[in-house]
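Look at the sequence and the model below. The text after them starts from a set of annotated positions and then moves on to other parts of the chain.

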Amino acid sequence: MIAKQPIAVLGGGSFGTALANLLAENGHIVRLWMRDPEQAEAIRTRRENPRYLKGIGVLPGVEPVTDLATTVSASELIFIVLPSSALRQVLQPVSALLDGKMLVSTTKGIEAQSFKLMSQIIEEIAPRARIGVLSGPNLAREIAEHALTATVIASEDEALCQAVQAVLHGRTFRVYASGDRFGVELGGALKNVYAIMAGMAASLGMGENTKSMLITRALAEMTRFAARLGANPMTFLGLAGVGDLIVTCTSPKSRNYQVGHALGQGLALEEAVARLGEVAEGVNTLRVLKAKAEELDVYMPLVAGLHAILFEGRTLAQVIEALMTGEPKTDVDFISTSGF
């Protein structure tokens, strides 16, 4: 079925473009949908995405389109690569066309009012669709440049996982499967917050020991929070947890890292986001995550500290000092301490 139909990619940003190219390389016809007709025309005529992925050729099998209803009607497999703030607005008008479709979310964010993950919002909009999540250490430009990369497709629907593996798996892109959709998606959303702090630490010249400590304690916080919400903590030992956290917190190609780096250079938050020119989901996630952690009484000192830096006038040095003087906890929450 998929081989005879175009595969839809909704969202013409850097990751959407890279994903569309991967699918085209594997011999599939791809409809790359975007709202901006000028951007679609630029890709159609120049065969590259000059706004988000300059210098990377867009393959002939990728067709830029702007008619959303026609695009989703023609496809059984649809990858959703939209900013979290736009997801409802884009999908709601075509909700009736999504029945029975395989919808794969790649958006790593949390809705502010409801604390819903993107796949949960999709489920609400299209309750009769088949839903999965794609997440992992997947920097768009590296994928587009054929750096060896792995990702996770997560869904309770095993056939959906197999379908995504079949169309995406290639010589430079490896696709693993997971049944923990909630844990995989939560890991992808939470790590963006810590990447901002990691970018700040790098900008301020903090040591490798310090950066390693921040990343490792970030993993502990993420896992503690996710387990409180019912996710499997072991999921965070995989690509969508520690794998994604490492790349997002260490690479200058990471959008959230770039925002943090700019903040460390003295830019205001608004200036840092404006310089990026793309959505940095970690800023929005931080606000809702801090509120949810307080509501659930989950100990997340890094989240509280970053919130204090961005919105309460604190410095990174003050936050790290508070972290160092806080009461020591166990290293890994989910290992028994009996016999210590």
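The UniProt annotation "binding site", from an unreviewed entry, covers K108, G136, K191, D244, S254, R255 and N256. From this set, K108 is in the lining of the second largest cavity. The model shown here is predicted, and the annotation comes from the UniProt record.

Start with K108. Its place is the loop between β7, residues 102–105, and α5, residues 118–125. Is K108 buried or exposed? Its relative accessibility is 18%, and since buried means under 20%, K108 counts as buried. Which residues surround K108, once its neighbours within four places in sequence are left aside? They are S135, G136, G188, A189, K191, N192, D244 and E281. The contact with G136 can be described further: a polar atom of the K108 side chain lies 3.0 Å from the backbone oxygen of G136.

D244 is another position covered by the annotation. D244 sits in helix α10, which runs over residues 239–250. With a relative accessible area of 1%, D244 is buried. Leaving aside neighbours within four places in sequence, D244 is in contact with K108, S135, G136, P137, G188, K191 and L239. Compare this with the list for K108: S135, G136, G188 and K191 appear among the contacts of K108 and also among those of D244.

Now turn to the nonpolar parts of the model. In soluble globular proteins, nonpolar side chains tend to be buried together. The largest nonpolar core in this model has 49 residues, and Y194, F225 and L306 touch the most other members. Which elements give two or more residues to this core? They are α8 (181–203), α9 (208–228), α10, α11 (255–264), α12 (269–276), α13 (281–296), α14 (301–311) and α15 (316–325). The largest share, 11 residues, comes from α8.

Y194 gives a closer view of this region. Not counting residues up to four places away in sequence, Y194 touches A218, E221, M222, L245, C249, M300, L302 and V303. Apart from the largest core lies another one, of 36 residues, which includes L19, L22, F79 and V81.

C249, one of the residues touched by Y194, has a relative accessibility of 5% and so counts as buried. C161 is buried too, at 4% relative accessibility. How many disulfides does a search of the whole structure find? The search finds 0.

Two more residues complete the walk through the model. N21 is placed in helix α1, residues 14–25. N21 has a relative accessible area of 6%, so it is buried. Not counting residues up to four places away in sequence, N21 touches I56, G57, V58, L59 and V62.

G264 is found in helix α11. Its relative accessible area is 18%, and G264 is therefore buried. Leaving aside neighbours within four places in sequence, G264 is in contact with M200, S203 and L204. How far apart are G264 and L316 in sequence and in space? They are separated by 52 residues in sequence, and their C-alpha atoms are 8.6 Å apart.

Technical notes
Residues numbered from 1 in each chain as written. Predicted model: local features only at pLDDT ≥ 70, side-chain atom pairs only at ≥ 80, totals over all residues. Heavy atoms only, no water. UniProt positions renumbered as here; feature names shortened; annotations may be inferred. 1 Å grid on protein atoms, 1.4 Å probe; cavity = no way out; pocket = protein on both sides within 12 Å on 5 of 7 lines; lining within 4 Å. Helix = DSSP H or I, 4+ residues; strand = E, 2+ residues; numbered from the N terminus. Buried < 20%, exposed > 50% of the residue type's maximum accessible area, 1.4 Å probe, protein only. Contact = heavy atoms within 4.5 Å. Polar contact = N/O pair within 3.5 Å; in protein donor to acceptor, adjacent residues only side chain to side chain. Core = buried A, V, L, I, M, F, W, Y, C linked by side-chain atoms within 4.5 Å. Disulfide = S-S within 2.5 Å.
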